[in-house]
Structure formats: structure tokens, C-alpha cells
Amino acid sequence: MSLQNTITTHVKEAIQKLYQADLSVVEFQATRKEFEGDITVVVFPMLRVVKGNPVQIGTQIGEYLVAHVSEVSAFNVVKGFLNLVIADVHYLDFFKEILGDETFGFKAPEGKAVMLEYSSPNTNKPLHLGHIRNNLLGYAVAKIIQASGKNVYKTQIINDRGIHICKSMLAWQRYGNEETPESTGLKGDKLVGNYYVRFDQEYKTEIKNLVATGKTEEEAKKEAPILIEAQNMLLKWEAGDEEVVSLWKKMNGWVYEGFDVTYKNLGVNFDSLYYESNTYLLGKDNIVEGLEKGVFYKKEDGSVWCDLTEDGLDEKIILRSDGTAVYMTQDIGTAIQRIKDNPDVGGMIYTVGNEQDYHFKVLFLILKKLGYDWAENLFHLSYGMVDLPSGKMKSREGTVVDADDLISEMATTAETLSKELGKLEGYSEEEKQKLYKVIGLGALKYYILKVDPQKRILFNPEESVEFQGNTGPFIQYTYARIQSILRKAKGLEVDTTTVSMSELHPKEKELLKLLQEYPGTIQLAAQNHSPALIANYTYDLAKGFNSFFQNVTILGTDNKEEKSFRVALSGKVAQVIKSAFGLLGIDVPERM
């Protein structure tokens with residue numbers, strides 16, 4: 001039984017015995033810094049069932065707890081707040097319990113698995129800054145839910161068909177002179193992206209020429225020969241034309257090789273892949289089922305709709321009158337297919353930007369109406385845009401920030417700062433380059449993940465690599481500092497396996513209280529799909545350690561028991577920092 005549960009039981013007992021009243025809930029909060037205590041019971045809500053002076057009620061409950069709960073050693077009452085002092089022995093027992101636990105905070109998987117979709121790019125251009133937030137968020141939430149006690153399958157749907165890829169294919173056919181990633185030295189996704197840009201340039205020129213001959217802009221946009229040719233190419237692809245399909249496979253293959261490099265550099269991966277070219281016809285069978293169940297209805301022109309007006313949404317088209325599917329049809333079919341492919345999955349999470357909020361409301365509601373029990377466990381992990389301060393890292397088109405460029409730019413920024421601070425004497429050039437990558441990528445990931453997913457982010461590369469404040473490098477530096485202490489302690493043969501302390505320094509107690517919060521923080525972050533909770537917890541833990549480091553002598557103390565305990569405590573803090581950063585996909589360096 002946790003200490004909070006024990007206190008809850010005894011507070012209820014006290015109210016029953018002292019006032020003959022039944023209390024349903026006991027409200028707790030952290031004790032404010034200016035008061036003595038470790039946990040605070042809020043008395044005000046009790047006034048609903050107990051009449052009296054809150055200070056007097058708090059005092060009587062405090063006396064009862066000191067008499068009946070061995071862990072409560074003292075108390076004080078401030079207005080309607082009962083501050084409880086928890087005995088050192090409680091924290092020391094907890095520390096002995098977790099000392100050798102390598103997976104502290106994690107729960108073994110049980111129940112139904114979760115499928116989490118993230119990334120899901122188009123195959124006509126490289127990944128960009130928006131994809132970075134999507135990838136980091138999806139990967140971290142998957143790791144956190146896994147740690148909270150569920151099996152998680154990471155997947156993506158690759159948008160590998162449609163007019164966008166035909167535009168790149170046509171431009172390459174016309175202007176590419178058979179060039180390849182090998183012949184140009186370009187990553188495949190960059191090469192294909194360049195032809196998408198080239199198509200756009202030619203298309204704009206054609207529109208301009210048509211307008212000059214007297215066409216309206218609307219007419220010119222529809223009648224531009226290059227667009228008509230791309231549309232014909234898509235029809236040929238859909239009809240299975242050998243030459244078009246062969247070119248499509250070749251250019252998509254180049255893109256996948258490029259994406260794989262970016263994913264590897266970013267440190268994310270997937271358990272399965274779905275391709276839109278395989279799934280775009282799914283969902284049509286479910287339309288028949290929906291019509292039979294009365295979930296969908298047919299209009300006179302043959303188009304199929306779902307009426308969601310009673311649910312506060314609008315009418316949604318499911319199938320066009322010409323029998324072609326819309327995105328919603330595909331998404332319905334893909335969701336059903338994924339459960340067929342993975343029968344142990346009981347829910348799905350979609351990591352997609354907030355401009356699609358409405359789409360997912362509709363999708364989830366339709367799947368519920370179709371009667372799928374797992375449709376109760378669908379979640380849209382919606383997130384805001386990422387902006388850069390103006391003038392920072394604009395690409396040649398002046399709009400999109402390329403993911404690969406940003407990743408290498410971060411390592412360069414970390415290198416510049418490290419050189420200014422002169423922190424890396426005695427490192428080989430190879431070790432330095434590796435460290436710059438770890439710091440740069442850690443800075444990028446932390447800066448993005450510490451913010452609530454719903455909020456828009458202004459990403460400032462220089463600010464993110466600072467070694468002070470709420471940044472990845474500050475936490476990485478704290479971890480490296482502890483590793484340095486542990487290396488010195490090893491040289492001094494300090495025993496960290498036994499803990500025989502009886503009294504704690506206030507800073508030691510603060511650190512142990514922070515460690516106690518780790519398992520609960522993982523559960524809360526999983527429930528809220530929020531890596532920000534893990535990120536900010538880790539920052540608090542790093543700050544707590546630095547305060548401990550400044551106020552307490554670790555290796556310099558003459559007391560052997562103190563030295564053993566403080567080194568062991570430092571080691572455990574480092575282990576939790578590494579574990580928490582692992583959930584965010586961030587590496588920690590052994591020295592900095």
C-alpha cells in the first residue's frame with residue numbers, strides 16, 4: 001500500500017472517530033517550499049461533511065496521524081492546510097527497494113496492445129521540420145505507453161500514390177536525363193523533391209503563357225498541358241500501365257532509401273509499414289456494410305454519405321457518385337485492416353497535425369457507428385506547427401526547412417557552443433564529432449518534446465543548445481557530471497551496494513521525493529499522450545541533483561556511510577535521467 005493510500009485510510013478513520021462523519025475523498029498537494037513538511041492534506045473540502053474551524057480540524061487529524069501512522073513524524077497546520085513531515089526511514093526504505101532495480105518506473109505489458117501511427121509522409125519530397133515534430137512525438141509516446149505497461153506497435157501509412165508523385169515522375173522524365181541518386185550524389189528523396197519543384201516552376205510558366213493568350217487564371221490552371229499530362233499519367237498508373245508503374249517503383253524506391261537515412265539520423269523506427277497504393281481501395285466493402293446497418297445513405301446521384309448532424313458534425317461524403325473513394329473511405333478501411341492484421345490490438349493512436357482535428361472526429365465516430373468495440377479506444381495525437389525565427393535556415397524555395405539540414409545544423413550549433421565554452425580538452429576529433437551529434441540532436445528533441453503537443457512551437461536552435469536552463473544539454477551535462485563522480489568513487493572503492501543511513505540531509509530527502517514521482521509520471525504521461533510531462537520531470541530531477549551537488553559534500557565527506565549513500569543516490573538519479581531520456585529518444589553522453 002502506498003503511503004498516500006495509508007494516510008487516506010487514516011484521515012477517513014480520524015474523521016469517523018472524531019466527528020462521526022464519512023469522508024469520500026482526501027485531497028493532497030505538495031507542501032509549499034516555505035513550510036516544513038513533505039506532503040499536505042487539504043482540510044477545506046472536508047468542511048462539507050464536518051462543521052468547525054479548519055485549523056482545529058487539521059490539528060486533530062495531525063495528532064491522530066502521528067499516533068497511528070509510523071511514517072508521519074510531525075505536522076503543522078497553516079490555515080486549512082495540514083503539512084505532514086514524513087520520517088526519513090520511509091524514504092530510506094524506498095531507496096533500498098529501488099537501488100538494484102534496473103527497470104524502476106516501468107511496468108510489464110498486460111492487456112490489449114496499442115497501435116501508434118506516425119510520420120506517414122508523401123513520397124514526392126524530403127522530410128521537413130513539421131515531420132520532425134511528428135516523428136519525435138509519435139516515437140516518444142510509443143516508448144512511454146510501452147513503459148506504462150502495454151505492448152505498442154509503431155506503424156505508418158506511406159502516401160505513395162496520387163497526383164503529387166506523378167508530378168515528380170513527369171518532370172524527371174522530361175528534364176532528368178536519366179540522372180539517379182548515385183550519379184548526382186544526392187539523397188533519393190532530395191532528388192525526387194527537386195523534380196517536384198521543377199514541375200511547379202514549369203506549371204507556373206505555362207499558366208502565365210495561357211493567361212497571356214486571354215485565358216482566365218482559373219481556366220489556365222486547369223488547362224496547363226503539363227498538369228493534364230500528369231493527370232493522364234495517374235490514370236495510366238491506376239490502369240496498371242507497365243512503363244508508368246516501373247518508373248513509379250524506381251522513384252519511390254529512391255525516396256524510401258532517403259527517408260531511411262533521415263529516420264536513422266533521427267533515431268526513430270517502425271514495426272510495420274502500410275502503403276496507400278495497397279490500401280486506397282480498402283473501405284469500399286465497408287460501405288455496403290454501412291448501408292445495410294443504416295449508418296450510411298445513398299443520394300440520387302449514387303454518392304454515399306454519412307449524416308452526423310445529430311452528433312453536432314455535418315454530412316460527410318464516403319463515396320463519390322462515380323464510385324471513387326475519398327480519404328475517409330480509405331481511412332475506414334485501413335483502420336479495420338490493421339485490426340485484422342493485429343488481432344491483439346485494442347486501440348489506435350494517430351499522430352497527425354491539428355489541421356486534421358475534424359477529420360479524425362468524423363473517422364472515429366463513423367467507426368463507432370459501424371459497431372467496432374475497439375473504436376472506443378481511438379485517439380488523435382494532434383499537435384501544433386513548428387516555426388523558426390525569421391531568417392533562420394530557410395530552404396532554396398524560402399518556405400520549408402529540410403529535416404536533414406536541421407539535424408546537421410544542430411550538430412554544428414552544438415560544436416560552436418562547445419568550442420566557446422572550452423569543455424572538450426583531451427577528446428579525439430572523432431569523439432568530439434560524435435558528442436556534437438548527441439548534444440545537437442538531444443537539444444532539438446528536448447526543445448520540441450518539452451512543449452505540450454497541442455501548442456505551437458517557435459524553435460530557436462541557439463537557445464536549444466544552451467547548457468543552462470530547461471534544455472536537453474543542461475540535463476545531459478548533469479548526467480555526465482554524475483558519471484564523473486561515479487568514476488572517481490570507483491577509484492576510491494566506495495561501496496554503493498548497502499545503505500545504512502538513519503538520517504537524511506534535506507537535499508537528499510528532496511532527491512528521494514523526486515525519484516518517488518518517476519513511476520507515477522510515466523503513467524500520467526501515457527494517459528495524457530504527453531512526452532512534455534517526462535521532459536519537465538527530468539528537468540526537475542536534474543535541477544534537484546545540481547542543488548544537492550552544491551549543498552552536500554559527496555566524495556569529500558569523512559563519514560563512510562554518508563559517502564556510500566550519496567554516491568549510490570547520485571548513481572540512481574543518473575539511471576533515472578538516462579531512463580527518462582530514453583523514453584524521449586534522447587541519448588546521454590558518459591562525459592562532456
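Tutor: Contact here means heavy atoms within 4.5 Å. The model is predicted.

Student: What share of the contacts with a separation of 6 or more comes from residues 24 or more positions apart?

Tutor: Take the contacts in the protein whose partners have a separation of 6 or more. Within that set, the share from residues 24 or more positions apart is 73%.

Student: How many residues does the protein have, and what percentage count as buried?

Tutor: Buried means under 20% relative accessible area. The protein has 592 residues, and the portion that counts as buried is 52%.

Student: Why does the end-to-end distance of helix H5 agree with its number of residues?

Tutor: Helix H5 covers residues 163-175, which is 13 residues. The expected span is 1.5 Å times one less than the number of residues, so H5 should span 18 Å. Its end C-alpha atoms lie apart by 18 Å.

Student: Which helices do the buried residues of H5 pack against?

Tutor: The buried residues of H5 include Ile 165, Met 169, Leu 170 and Trp 172. The buried residues pack against helix H7 (188-212), helix H9 (225-238) and helix H10 (242-266).

Student: Which strands are at the edges of the open sheet S8-S9-S10?

Tutor: Three strands form this sheet, with antiparallel pairing. Each edge strand pairs on one side only; these are S8 (297-298) and S10 (315-319).

Student: Which helix packs on that sheet, and what angle does its direction make with that of S10?

Tutor: The helix touches S8, S9 and S10. It is H12 (residues 284-293), and the angle with S10 is about 130°.

Conventions: Residues numbered from 1 in each chain as written. Predicted model: local features only at pLDDT ≥ 70, side-chain atom pairs only at ≥ 80, totals over all residues. Heavy atoms only, no water. Helix = DSSP H or I, 4+ residues; strand = E, 2+ residues; numbered from the N terminus. Buried < 20%, exposed > 50% of the residue type's maximum accessible area, 1.4 Å probe, protein only. Pairing = 2+ DSSP bridges. Axes fitted to C-alpha atoms, helices over the stretch in contact; angles between N-to-C directions.
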